[in-house]
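Work through the exercises below with the structure in view. Each one has a task sentence and a stepwise solution.

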Amino acid sequence: SVPYVEFGVAAMPNLAAYGVAIPTFVLITSTCRHRDRIPAAVLALVAVLSVHLTGGFVVILFLLAWWLFDARRHPVRGRTADLLTLALVAVPTALILAPQFIGVAQQADIIAGHAFPSFKTVKQGVIDALLLHTRHLNDFPTQYALVVLSGLGLLILLYKKIWWPPVVWLMLTVATIYSGAPFRNPLGTAIEQFSQFFYNDPRRLSAVVTMLVTPMAAVAVFALVVGAVALVKRFVRLPDAVWVSAVVALLALTTVVTARHYLYRHLVLFGDKYDSVIINKKDLDAMAHLASLPGARSTLIGNSNVDGTAWMYAVANLHPLWTHYDFPQQTGPGYYRYIFWAYADADALPGVTADKRALMPEAIQALNIRYILTSAPTVRGFKVPDGLVSIDHSKWWTKIYDNGGAWIYEWVGPQRPPTTPKR
């Protein structure tokens, strides 16, 4: 019933990792009392980090805050013993995933390109962050009721001296404000060192805030229901079992009503993007056919960056021009990739000059592209690269596969020896 997971981006591994981050966090915290759960905790943490590193960063962030502001003051077996237990989870995980950490560190420049500043004022950034209405969440109205409930839950946690969730919420909110409206001073630099773990992206940061405001809202709902029942109980005499049942029924009713309230938003997004909208059976059939073609596995497959065809890497072990992280090394934002996206169909466009057309054979040779895979529809709000719009009219490419939902083209244009690659 929470709308904040609905932002319209293609970062499915990111969302999947966020979805299992909280159970992993709870499992790891329980190892201080139940050491027999350490192997399972190691497996869970490795799994979260393997799905998407930011999910693991969420677990680590929550663990650090929980330790500093709660567990350290109330250890289970003693501070040293509890730290050693947590280290038995952390150290094996770090050793197992060391190659992945090193590899991602080498992609830091590419990751930095995924930041999404909104270019709003800091004042508007504060308002958007507090109202949970950052980029791609603003497709729907501000959820004032949920915002009020989460605020009330935050106050209850502070009253109960449960410090770590409010502290993490404050850190993430400040980072969200900064990521949407960066400011260049020492404070901004310090904030960016933290927010870069979430691509300095207000959408991803808002999704982490969701993990905190959801239980905060639940705490508030529970407190309101219990308080209301306690108030009525003062004037009406009934057995305790009746009042307990009333609390359970009211909580269940609240959950159902709020879930229905957000159901239509979910239906819109599932009909717009998910539920086999971007990738369906026709796409999978096209990828399987492409994988069977001569040279498909030893060349780079030309594709768009907005139609989901990058899944060919995971589905058919093919190497697309565009993936979330470039394979096998950075081909962009790069010279030849953008030539491909701009001029793949240049021979079919009368307005393109001869020198621009001459760039395309060079790019094909440099990128080692033989086939193109395109698909429909595109991700909401994005358009197909210009160089692929008129590909059906290009004499450089011949269509060799068409199932009505996905299309494969083979290069039959002029050959040209590659020049020195430009970076």
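**Exercise 1.** In this predicted model, find the residues that make the nonpolar surface patch of about 590 Å² and the elements they come from.

Solution.
1. The patch is made by Leu68, Phe69, Leu152, Leu155, Leu158, Trp163 and Leu224.
2. Two elements give two or more residues to the patch: helix 3 (53-71) and helix 7 (144-159).
3. Helix 7 provides the largest share, three residues.

**Exercise 2.** Locate Trp163 and decide whether Trp163 is buried, partly exposed or exposed.

Solution.
1. Trp163 sits in the loop between helix 7 and helix 8 (164-180).
2. Its relative accessibility is 33%.
3. Buried means under 20% and exposed means over 50%, so Trp163 counts as partly exposed.

**Exercise 3.** Describe the largest nonpolar core: how many residues it has, and which have the most contacts inside it.

Solution.
1. The core has 46 residues, and Phe62, Trp66, Leu172 and Phe198 have the most contacts inside it.
2. At least two residues each are supplied by helix 1 (12-30), helix 2 (38-51), helix 3, helix 4 (79-105), helix 7, helix 8, helix 9 (186-195) and helix 10 (202-233).
3. Helix 3 gives the largest share of this core, ten residues.
4. Another core, of 24 residues, lies apart from this one; Leu300, Leu321, Ile339 and Ala344 are among its members.

**Exercise 4.** List the contacts of Phe198, leaving aside neighbours within four places in sequence.

Solution.
1. Phe198 is in contact with Tyr18, Thr54, Phe57, Val58 and Leu61.
2. Further contacts of Phe198 are Leu172, Arg204, Leu205 and Val208.

Key:
Residues numbered from 1 in each chain as written. Predicted model: local features only at pLDDT ≥ 70, side-chain atom pairs only at ≥ 80, totals over all residues. Heavy atoms only, no water. Patch = residues over 30% accessible without salt bridge, like charges linked within 9 Å, V, L, I, M, F, W, Y side chains within 5 Å. Areas by Shrake-Rupley, 256 points an atom, 1.4 Å probe, with all protein chains shown as cover. Salt bridge = Lys/Arg side-chain N within 4 Å of Asp/Glu carboxyl O. Helix = DSSP H or I, 4+ residues; strand = E, 2+ residues; numbered from the N terminus. Buried < 20%, exposed > 50% of the residue type's maximum accessible area, 1.4 Å probe, protein only. Core = buried A, V, L, I, M, F, W, Y, C linked by side-chain atoms within 4.5 Å. Contact = heavy atoms within 4.5 Å.
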